[in-house]
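Me: Please take a close look at a single part of this model. Tell me how that part is built and what surrounds it.

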Amino acid sequence: MTDFLITYRGTVYPWHCDHMGHMNVMWYTGKFDEASWFLLSQIGLTRSFLKERNCGVAALQQDITYKRELRAGDIVTVRSNITDIQEKTIRIFHEMRNEETGELSAFANITGVYMDAVARKSQPIPAEIVKQMRSLQSGHKNSYLADPLYTVTGSPLSADEAFETLDQT
């Protein structure tokens, strides 16, 4: 088990806020996305690694829960960890906190698939990357960690099924 890694720090600017005066949901998504790419780079999935091997990582599912509003001027920190590793998929957990108050503002669970960027098909995550992932994998069993990837009907999806569904949209 490892502690969460700081993957993003930033400020809520006035243009991040909507007509109700708090940070709009699109900016939470953006900050979690930046945190994801930082975390992926820490396990070796850098831009150059992906380009050299014609591979990529695509998001399959993202669930965000909003707990406390953020306003212009608030400083936020995102801490992240890997919660699950399968043959072709990775689950990442992010929590965003107001740095001044320490309050949990939002958290996200993101499931991504490792893929061949040319064939546009999922493929097994390379062993050296899995090893790095395991070094950051969390043993935390927080009550706010979401269930595995599911369809609307409640049936579990494999990485290939989820990617095929994503690719058809």
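Reply: What follows covers one strand with its partners, then a helix and a residue from its surroundings.

The model is predicted. Start with strand S5, residues 104-116. Of its 13 residues, 12 are buried, so S5 is largely enclosed by the rest of the structure. Buried here means under 20% relative accessible area.

Now the pairing. S5 pairs with S2 in the antiparallel sense, over 11 bridges. In this pairing, Asp116 of S5 has Cys55 opposite. S2 itself covers residues 55-66.

S4 is another antiparallel partner, with 9 bridges to S5. Thr111 of S5 stands opposite Arg91. S4 and S5 also make a hairpin, with 5 residues between the two strands. Gly102 sits in that turn, and its phi is positive, about 80°.

S6 is a strand of residues 121-122. S6 pairs with S5 in the antiparallel sense over 2 bridges. Met115 has Ser122 of S6 as its bridge partner. Here too there is a hairpin, with 4 residues between S5 and S6. Arg120 lies in the turn and has a positive phi of about 60°.

Next, what packs against S5? The buried residues of helix H1 do. They also pack against strands S1, S2, S3 and S4 and against helix H3. The buried set in H1 is Tyr28, Lys31, Phe32, Ala35, Ser36, Leu39 and Leu40.

H1 runs over residues 25-42. Does its length fit or conflict with its residue count? At 1.5 Å a residue, its 18 residues should span 26 Å, and the end C-alpha atoms are 26 Å apart, which agrees. Asn24 caps the N-terminal end of H1. A side-chain oxygen of Asn24 lies 3.0 Å from the backbone nitrogen of Met26. After H1 comes Gly44, with a positive phi near 105°.

One residue of S3 rounds off the picture. S3 is among the strands that the buried residues of H1 pack against, and Ile85 has its place in S3. Ile85 has a relative accessible area of 7%, so it counts as buried. Leaving out residues up to four places away in sequence, Ile85 touches Val130, Met133, Arg134 and Gln137. Ile85 and Gln137 are 52 residues apart in sequence, yet their C-alpha atoms are 8.2 Å apart in space. Helix H3 spans 127-136.

How values were computed:
Residues are numbered from 1 along each chain as its sequence is written. This is a predicted model: local features need pLDDT of at least 70, side-chain atom pairs count only at pLDDT 80 or more; totals for chains, interfaces and linings use all residues. Side-chain values use heavy atoms; hydrogens and water are left out. The expected span of a helix is 1.5 Å times one less than its number of residues. Buried means under 20% relative accessible area, exposed over 50%, partly exposed in between (1.4 Å probe, protein chains only). Contact means heavy atoms within 4.5 Å. A polar contact is a pair of N or O atoms within 3.5 Å; within protein, one must be able to donate a hydrogen and the other to accept it, and residues adjacent in sequence count only if both atoms are side-chain atoms. Two strands pair if DSSP finds at least two bridges between them.
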